[in-house]
Protein chains: 2
Amino acid sequence: MSTFTIHTLGCGSAKPSPKHQPSSLVINHRENLFMVDCGEGAQLAFMRQRLKFSRLRHIFLTHLHGDHVFGLPGLIGTLALQGNGGHVTIHTFEEGKRILTDIFNFFCREIPFEINFNVIEPGEAVIYESNSLTVRTIPLRHRVPDVGFVFEEKGKLRHIDRKMTDFHGVPTFMLNRIKAGEDFIKPDGTVVPNRMLTTAPTPPLRYAHISDTMYMPELAGKIGPVDLLFHETTYLEEHKSMAAPRGHSTARQAAMVARDAGAKRLLTGHYSSRYDDFTLFKREAEEIFPHVILNNEGLSVPLD
Amino acid sequence: MSTFTIHTLGCGSAKPSPKHQPSSLVINHRENLFMVDCGEGAQLAFMRQRLKFSRLRHIFLTHLHGDHVFGLPGLIGTLALQGNGGHVTIHTFEEGKRILTDIFNFFCREIPFEINFNVIEPGEAVIYESNSLTVRTIPLRHRVPDVGFVFEEKGKLRHIDRKMTDFHGVPTFMLNRIKAGEDFIKPDGTVVPNRMLTTAPTPPLRYAHISDTMYMPELAGKIGPVDLLFHETTYLEEHKSMAAPRGHSTARQAAMVARDAGAKRLLTGHYSSRYDDFTLFKREAEEIFPHVILNNEGLSVPLD
C-alpha cells in the first residue's frame, strides 16, 4: 500500500477536446489529498477515481488560466453540499483570491462552508508545512505569473533494530526517542550509540509539479533529485517553435529537465489537442531520459 | 431533416454524479443554435454531439445556481479560442451580468471576443426576436429568481398551390407576396382570392423550457399547447414532500403541467442524483400524460 500516490484527473491543455480533460491532479499523501489545479470537470474525474471529498483540504493553483481553474467553483459547491461542515484552503496569488472570493460569495452563499486562502507569491518559498510534508514553490516562465510545486516528505524516523534494543534492554517507552536518533544510556552509565540500535530511515519521497512553463535549463537545479517529476509536455519537437512564445515546453525539453534534475521518473502531460497519438510524447522524451510515464486521465502513480 | 431539434447536454441536478451531467440543452432552429443553461462540462457534451461552436450565438440562463452556470466560463473561453472574431449574447438577470462580467474580464482578457448581455427580468416578456423565432420568459418559483423560456416560431408563409398559380397566370415575382397572403389581381382587374392560390402554412413549432420550479398549476395556461415541453422532474412522488420546499417538482407534477397545457410531448430531466433507475420518471409521468420522452445526455428530439 503506497503512502504517496499521484492521481491524474486531467492532462489536456487549454483547447478542450474529447481526448483529454483540462489540468488537474491529486496527491494522496497518507490519506490526505492535495489537489494541484482544477480544470473544468475535475470533480467528476475525482469521483471516478473514488477519491474522498472529505479528505481534500488543500488546493494549489499553479496559475490563473481558465483551464487550470474553471472546475473550482463546481468542486467547492460540491464540497459544501457534502454538508459535513468542512473547510478547504486554496493556495493562490492575491488576484486569484480576489476573483475566486467574488465567485464563491455569489454562487456558494447558500451553503455554510469554510474557504481559506493562503496567498502565495510567484517566487521561491515554503508555502505549506505539516509534521510530515512541506510544499515549496518554484517560479516558472509562462504568459502570466506561474509557479511549480515541490512536495517533499520530512526526514523520517530511523528504524528500530529490535534484536539490538532487546539485547541492550531498551525499555518500550524509550523507543520513540531512539527512533528520533538518541543514544541509549544503560542504568550502569554505559552509552549505546544510536547507530547500533537502529538502521537508516526510509528516504523521504519527493514529487515536483511543473506546469505551465517554457523550457528553463536552471529549473533542474531547483527541483533536485525527486522521485517523480511531472513536467508539462504541451508540444512535440516538431512544433518547438511554438512552445517558447506560448510559454510551453516540448517532450524532449521536459526530459532534459528530468535528466538534469536527477529525477527518478518523468510524468508527461498538458498535451496540446492537436495531437492524436500521445505515445509520441513518451517516445520523444525517452530519447533523452529513459524512465518516462505516459500520462492519461485516471492514471495513478505510487511513488514508493 | 428537422428544422427544430432539442439536444440534451446535461439533465442532472445540483449534486453531481457520474450518472448525469448538470443542466444544459441546445435548441437547433434552422442551424442557429440557442443554449439554455450551461452546467459544468457543457462544452464537452456540445462537442460530443458534433454541434458547431460557430453557430452558437445566444445563451439563455434560467437562474444563477452553479449547476446551471459553471460551464459558461470554459465555454466562452473556447468560443474565444476559435479565433473567428465571433460574438455571443448571454440573456440573464442584472446580477448575472455583473458576476459573469467580472469572471470574463479576469479569465478571458487575453483573447478578443465580443460578449454581449441582454439583461432580463424574472417576469413575462418577449426577450428575443428574429424574423423566424421569438423567445419569451415565464416566471417560475424556485429558491432564487428563475424563468422558463418559450421558443416560438413566427407564423410561417402559406404554401403555393402551383397548379392554381399557373392556371391564373401569377408571375414568379409575385409568388412571395402570394405566400404572405395577398390576393392576385389579374391584368383585367379580376381578383383571385389568396385562398384559391395557396394552402395553409405549416403550423409554427413551439418549445417550452421549464427549469427549476416547484409545481405551479397556473403554468400550463402560460405555456400553452407547445410541441415539446421540457419540465424539470427532480423528484419522484415518493419524495414529494422535499420537492416544494426546495423549489422543485415531481415527475407526476410535470405531467400534470404537460396535460393541462395541451402539450404534445413531455421531456423529463434535472434528475436528483439519489435515483438509480431513471425509467421510473417516465413511468410515473405516463400515469398522467401519455407522451413522455425520457431524457438523457446525448438525446436529440426533433420537433417536426
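This is a guided tour of a predicted model with two chains, A and B, moving from one selection to the next.

**Chain A as a whole**

Begin by showing chain A alone, whose C-alpha trace spans about 75 × 55 × 35 Å along its principal axes. If you colour it by secondary structure, nine helices and 18 strands appear. Of its 304 residues, 44% are buried, and among the contacts in chain A with a separation of 6 or more, 63% are made by residues 24 or more positions apart.

**The two copies together**

Now bring chain B back into view and look for the axis that relates the copies. A rotation of 180 degrees, with 0.0 Å of shift along its axis, superposes chain B on chain A with an RMSD of 0.1 Å, and that is the relation of a two-fold axis. To find the axis from the side of chain B, select Gly41(B), which comes closest to it among the residues of that chain, with its C-alpha at 3.0 Å.

Next, select the residues through which the chains touch: the contact takes 23 residues from chain B and 23 residues from chain A. On the side of chain B that touches chain A, the elements giving two or more residues are helix H1 (42-48), helix H2 (72-81) and helix H3 (94-107) of chain B. Coloured by character, the residues of this side of chain B divide into 12 nonpolar, seven polar and four charged. Because 100% of the interface residues of chain B are also interface residues in chain A, the copies meet through the same surface.

**Strand E3 of chain B and its partners**

Stay with chain B and select strand E3, residues 32-38, where six of the seven residues are buried and the strand is mostly covered. On one pairing, E3(B) is joined by six bridges to strand E2 (residues 24-29) of chain B, and the two run antiparallel; to see the register, show His29(B), which stands opposite Asn32(B) in E3(B). These strands form a hairpin with two residues between them, and Arg30(B) in the turn has a positive phi of about 50 degrees. That sign deserves a pause, as most residues other than glycine have a negative phi. Is Arg30(B) buried or exposed? With 11 other C-beta atoms within 10 Å, Arg30(B) is exposed.

The other pairing to display is with strand E4 (residues 56-60) of chain B, which pairs with E3(B) in the parallel sense over four bridges. Here Val36(B) stands opposite Phe60(B) in E4(B). Following the chain from E3(B) through H1(B) to E4(B), you trace a β-α-β crossover that is right-handed.

For a related stop in the other copy, select Arg50(A), which is found in the loop between helix H1 (42-48) and strand E4 (56-60) of chain A. Arg50(A) also has a positive phi, near 60 degrees, although it is a residue other than glycine, and with 7 C-beta neighbours inside 10 Å it counts as exposed.

**An enclosed helix**

Return to chain B and select helix H8, residues 251-261. Nine of its 11 residues are buried, so this helix is largely enclosed by the rest of the structure. The buried residues of H8(B) include Arg252(B), Gln253(B), Met256(B) and Val257(B). If you add what these buried residues pack against, you will show helix H6 (219-223), strand E15 (228-231), strand E16 (266-267), helix H9 (279-286) and strand E17 (292-293) of chain B. Just after H8(B) comes Gly262(B), whose phi is positive, near 75 degrees.

**The nonpolar core**

Which residues touch the most other members of the largest nonpolar core? Among its 138 residues, they are Leu229(A), Leu266(A), Leu229(B) and Leu266(B). Centre the view on Leu229(A) and, leaving aside residues up to four places away in sequence, you will find that it touches Ala208(A), Ile210(A), Ile223(A), Ala258(A), Ala261(A), Ala263(A), Leu266(A) and Leu267(A).

**Two cis peptide bonds**

Finally, select Ser211(A) and Asp212(A), which are joined by a cis peptide bond with omega about -10 degrees. Asp212(A) lies in the loop between strand E14 (206-210) and helix H6 (219-223) of chain A. In chain B, the peptide bond from Ser211(B) to Asp212(B) is likewise cis, with omega near -10 degrees, and Asp212(B) is found in the loop between strand E14 (206-210) and H6 of that chain.

Note on methods. Residues numbered from 1 in each chain as written. Chains lettered and ligands numbered in written order. Predicted model: local features only at pLDDT ≥ 70, side-chain atom pairs only at ≥ 80, totals over all residues. Core = buried A, V, L, I, M, F, W, Y, C linked by C-beta atoms within 7 Å. Buried ≥ 20, exposed ≤ 12 C-beta atoms within 10 Å, placed from the backbone. Contact = placed C-beta atoms within 7 Å. Nonpolar A, V, L, I, M, F, W, Y, C, P; charged D, E, K, R; others polar. Least-squares fit on C-alpha atoms with pLDDT ≥ 70 in both. Pairing = 2+ DSSP bridges. Right-handed = clockwise from strand over helix to strand, strands pointing away.
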